[in-house]
Amino acid sequence: NLGKGSGTSLKEFIGLVEKHVGKKANKKILPDQPGDVPYTCADVTKAYELLGYKATVPFEEGIRRTVNWYNEAYNKKQIEVCPETQANGLGRAPSMVELQN
């Protein structure tokens, strides 16, 4: 994942996921945590210069494709759903955003 060269807010990201999943997220807004950064954006200049890389799939289309892939894989029982262990197979804290049924 190299990025797209422009930023997306967490609010926009969650909104896109909600749109394509078809469910509203149960959001719990908390104060910034130590180490949180207000804005990040991948600089893909070097990837373009060395590899000719340029993002070709718009961000929202990528979210839509990911949701479709996930739903297909889940329905075929090709993936196990365990949020606490899916980050590179390592345990992690549960997400602060949960999708409601």
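This passage describes the overall fold of a predicted protein model, its helix α3 and the residue Cys41. Residues are numbered from 1 along each chain as its sequence is written. Local features need pLDDT of at least 70 and side-chain atom pairs count only at pLDDT 80 or more, while totals for chains, interfaces and linings use all residues; side-chain values use heavy atoms, without hydrogens and water.

The protein contains three helices and two strands, arranged from the N terminus as α-β-α-α-β. These elements are DSSP runs numbered from the N terminus (helices H or I, at least four residues; strands E, at least two). Of the 101 residues, 9% are buried, where buried means under 20% relative accessible area, exposed over 50% and partly exposed in between (1.4 Å probe, protein chains only).

Helix α3 comprises the 17 residues 59–75, and its end C-alpha atoms lie 24 Å apart, in agreement with the span expected at 1.5 Å a residue (1.5 Å times one less than the number of residues). Its buried residues are Ile63, Val67 and Ala73. They lie on the same side of α3, because they cover an arc of only 140° around the axis, the arc being that of the directions from the helix axis to the C-beta atoms. Trp69 and Asn75 are exposed on the other side of α3. The cover over the buried residues of α3 includes α1 (10–21). Just after α3, Lys77 adopts a positive phi of about 60°.

Cys41 is located in the loop between β1 (25–26) and α2 (45–51) and is partly exposed, with 37% relative accessibility. Leaving aside neighbours within four places in sequence, Cys41 is in contact (heavy atoms within 4.5 Å) with Gly5, Ser6 and Gly7. The C-alpha atoms of Cys41 and Gly5 are 6.3 Å apart, although 36 residues separate the two in sequence.
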